[in-house]
Amino acid sequence: MAPIVAVRDLAKTYEGGFEALKGVSLEIEQGEILALLGPNGAGKTTLISVICGMVNPSSGSVSVGGHDIITDFREARRLIGLVPQEITLEPFEKVINTVRFTRGLFGKSPDPAYLEKVLRQLSLWDKKDARIRELSGGMKRRVLIAKALSHEPRILFLDEPTAGVDVELRKDMWQVVRGLQDDGVTIILTTHYIEEAEAIADRVGVINGGEILLVKEKQALMAQMGQKELRIELQSPLMAIPEALSDYNLKLAENDKILIYTYDTSAERTGITKLLGDIAAAGLVLKDVSTRQSSLEDIFVGLVGDAA
């Protein structure tokens, strides 16, 4: 099946010579949730803005549902819903009117049943007659999503959708996103929250300095690049790691009572059995042993650090 969004060698250089995008290529599959991770200034918002037709590329091409974003702009844009970072809503307008108006902008005929479904899905139906200024920040973000979905797009871009909301509301929004995916909507979100990508994404893309560093299935990425730590707590603190253990590249932490051993879970042998034997031979007494899996955050920090 052809990708629903295909980006080819996309570049964007602004006046003054700043290169926001440097030959980005990316394919987004229908029905997936793709999380784009990157620090401030990495190019996330510029990439979304180009795909959505709000910023003209300097070179390269983008197709959405088979429609070129330049030569067939209207058809491409009709397939896209966009939830921007900033909350830009008319404060004195009612929720239902705000959503109806956006649907009309795309030339869609009135469909009260569909709009009711969207508002119920976003837990906004009981607020349909409330004015925007009466809503909480989290509810306003839901209204932005309702506006983006009002014209029945197949692709939804969420640019930092949970920025500035509390943890509980963030998790509620994750459930909303999963529900949209269940309805067949393809979702691309940019986020600073690593746990957001870890919780809901099918694939993770890392962008930095206007370049895509990788795009990979989340579980495959963590399996390929993730490592485990063996944390060995000792009965007594150490002044230094014994010479007999120097080959293991151990780290000493937490009041000199924790030895940390990093190993690859996919390796044929982890070396743990031999390490524990050598620790005992060195006269060290163990108090506790535990393991910790590398998180997506560890992998992200490593990738961005390597590219810097």
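This report describes three helices of a predicted model, α1, α4 and α9, together with the contact between α4 and α3.

## Basis of the model

The structure is a predicted model, in which local features need pLDDT of at least 70, side-chain atom pairs count only at pLDDT 80 or more, and totals for chains, interfaces and linings use all residues. Residues are numbered from 1 along each chain as its sequence is written, and side-chain values use heavy atoms, with hydrogens and water left out.

Helices (H or I, at least four residues) are DSSP runs, numbered from the N terminus.

## Helix α4 and its two sides

Helix α4 spans residues 112-121, and Y114, L115, V118 and L119 within α4 are buried. Buried means under 20% relative accessible area, exposed over 50%, and partly exposed in between (1.4 Å probe, protein chains only). These four residues cover an arc of only 130° around the axis, which puts them on the same side of α4. The arc is that of the directions from the helix axis to the C-beta atoms.

The exposed residues P112 and A113 are found on the face of α4 turned away from its buried side. The buried residues of α4 pack against α3 (95-105) and α5 (137-149), where contact means heavy atoms within 4.5 Å. Just after α4, S123 has a positive phi of about 55°.

## The crossing of α3 and α4

The axes of α3 and α4 come within 11 Å and cross at roughly 125°. Axes are lines fitted to C-alpha atoms, for helices over the stretch in contact, and angles run from 0 to 180 degrees between N-to-C directions. The crossing angle makes α3 oblique to α4; angles under 35 degrees count as roughly parallel, over 145 as roughly antiparallel, 65 to 115 as roughly perpendicular and the rest as oblique.

On the α3 side, V95, I96, V99, R100 and R103 take part, meeting Y114, L115 and L119 of α4. By class, this contact has six nonpolar, no polar and two charged residues. Ala, Val, Leu, Ile, Met, Phe, Trp, Tyr, Cys and Pro count as nonpolar, Asp, Glu, Lys and Arg as charged, and the others, Gly among them, as polar.

## Helix α9

In α9 (residues 272-281), the buried residues are I272, L275 and I279. They cover an arc of only 60° around the axis, which puts them on the same side of α9. The face turned away from the buried side of α9 carries the exposed residues T273, K274, A280 and A281. Just after α9, G283 takes a positive phi of about 85°.

## T46 in helix α1

T46 belongs to helix α1 (residues 44-51) and counts as buried at 14% relative accessibility. Leaving aside residues up to four places away in sequence, T46 touches K12, Y14, A20 and L21.

Note on methods. Helices (H or I, at least four residues) and strands (E, at least two) are DSSP runs, numbered from the N terminus.
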